[in-house]
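Trainee: I have a model open and would like to go through it. Can you take my questions as they come?

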Amino acid sequence: MLDSGLSELQAALAAKKISSVELTRLFLERIGRLDGRLNAFITVDEGVSLAQARAADEARARGEGGPLAGIPVAHKDIYCTRALRTTCGSRMLENYTSPYDAHVIEQFERAGAVLLGKTNMDEFAMGSSNETSHFGPVRNPWNSGLVPGGSSGGSAVAVAARMAPVATGTDTGGSIRQPAALTGVCGLKPTYGLVSRYGMVAFASSLDQGGPMAKSAADLALLMNVMVGHDARDSTSLPRPKEDYARALELPLAGLRIGLPKEYFGKGVEPGVRQCVRAAIDWYERRGARTVPVELPHAALAVPVYYVLAPAEASSNLSRFDGVRYGHRAAQYEDLNDMYCRTRAEGFGAEVQRRILVGTYVLSHGYYDAYYLKAQKVRRLIARDFAAAFRLCDLIMGPTSPGTAFPLGAKTDDPVQMYLNDIFTIPAPLAGLPGLSIPCGFDARGLPVGLQIMGDHFAEARMLGAAHQYQRDTDWHRRAPKETPL
Amino acid sequence: MSLSLDQIRHIAQLARIAVGGEDAEPVRERLNRVLELIDQLQAVDTASIEPMSHALDIVQPLRADAVTESEQRERFQAVAPAMAGGLYLVPKVIE
């Protein structure tokens, strides 16, 4: 059961081979056994989870229940929940319990899912290694001396170590795809605007997007069916007709045009990563897909563009944490200004402070045109590159991350080295495009490698179909970490 | 460009983050590395390029001007650090 996909779990629950209470207990026990070391969860409350599981069992007995009835789901601790506190990995929100549920949480509740717990993450989703969390780093189950990637590292590890069947994440510059790649699971960042951000703590609003993490592309499709939907409470939520993201899973690959950007195969890519990605692309060619060279000449500028825009937007979004209405407040202060300054110095960790300071600077008087406006212009150049590329191909493939998982502490002293981890994941969200990462092999040290599949706006079903066909023929996505045997 | 300690203190004040005496130098050193990264943008020719402020070219949706929320003051104020009589408590700002 621990290793099952969603459709197997649905079938087992429907056939009464297992109850939701039993299934939820199974995962709770595994969390109890493994998470002391992995630290993938910030908050788990057996009482809350089991009560929801009981309710799911009762609903099923009455002949009711949605598509995920009785299935436990772990949520990144960035989604507001009334049942459990929402910390966002920060001391600022250590004791914060939201008075409302996020739209995504409501969608899972409607689908009948059970809230399994809230997963660890980089503080306010700012990080690529899960080391900026106030609640300590998450460890990679493939080698616990290594990072799992970030910022949705807790969700990635929960799925990788089979502590949760599926999980949610959020992606601003790679926070779903990069940890998925580094832990050997699948993660999808949808097109901007598909998943409502209502109740999802804001980081950089022109980029933030929620998405699913799971063991297979087929499971991602089922989760997309639950997560996507128009919500008037998020003004960026797109009013579109409901789609079935599983509709293209069985589509043949013959004639598929795969774009290969040379910028994604340069010298910065580790040989082990390059080899696995190349082998996956060869597989697609053998299945009748055709590769075409494409160019993303401005992709190299994506990291500097992102590190202007994301901090600028973060500095604005995070100004709400003032110690007045909710969250941490300093115990000692001289006056109102001093209270703000000490509250924020105590409540935010070093990386979050750094991004707020960068953002404040690039938006400040005299620098706005040189940095913020300039970055927005280069952002358009990057988006145009993608538009031109998608006239030549249906999907773009390349590595998710230039390297596999790295040791804890290896990049914490140099923010720029850390930022460069996301060099291949940042371009897609700048253009509002969807991006998917699936496992495609292991490097010489036995660490998982991620294949990134990018598509044009709203191409998720096609991307998931291409991934599913690969997963029907390969078993990289079924490999579980040796350090956490089933 | 490289920021001085005085500039760091000014930015920190704008951001309402207390950056203490000995903390300021490491903050400055790391911020300057980030600025070096983003300074790469200055070399790009962006003449006649329209800034892109949104991920998709869509227009702001409008909704009906109708009351949709109910009064839930107690629930929302229950999470505040300091309250009295339905009011948020802050240090005195007017003498």
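Trainee: Is the crossing of H11(A) and H2(B) right-handed or left-handed?

Mentor: The crossing of H11(A) and H2(B) is right-handed, that is, the near helix is turned clockwise from the far one by less than a right angle. This is a predicted model, where local features need pLDDT of at least 70, side-chain atom pairs count only at pLDDT 80 or more, and totals for chains, interfaces and linings use all residues. Residues are numbered from 1 along each chain as its sequence is written, with chains lettered from A and ligands numbered from 1 in the order in which they are written.

Trainee: At what angle do the axes of H11(A) and H2(B) cross?

Mentor: At roughly 55°, and the axes come within 11 Å. H11(A) and H2(B) are therefore oblique to each other (neither under 35 degrees, nor over 145, nor 65 to 115).

Trainee: Which residues meet there, H11(A) to H2(B)?

Mentor: A:Arg354, A:Leu357 and A:Val358 meet B:Arg30, B:Leu31 and B:Val34.

Trainee: And how many residues of chain A are in contact with chain B?

Mentor: 55 residues of chain A are in contact with 38 residues of chain B (C-beta atoms, placed from the backbone, within 7 Å). The largest share of the chain A side, 11 residues, comes from H12(A).

Trainee: Changing topic, what pLDDT does chain B average?

Mentor: Chain B averages 91, and 99% of the residues score at least 70; pLDDT is the predictor's confidence in each residue, from 0 to 100.

Trainee: What ipTM does the complex get?

Mentor: The predictor gives an ipTM of 0.95, with a pTM of 0.97.

Conventions
Contact = placed C-beta atoms within 7 Å. Helix = DSSP H or I, 4+ residues; strand = E, 2+ residues; numbered from the N terminus. Axes fitted to C-alpha atoms, helices over the stretch in contact; angles between N-to-C directions.
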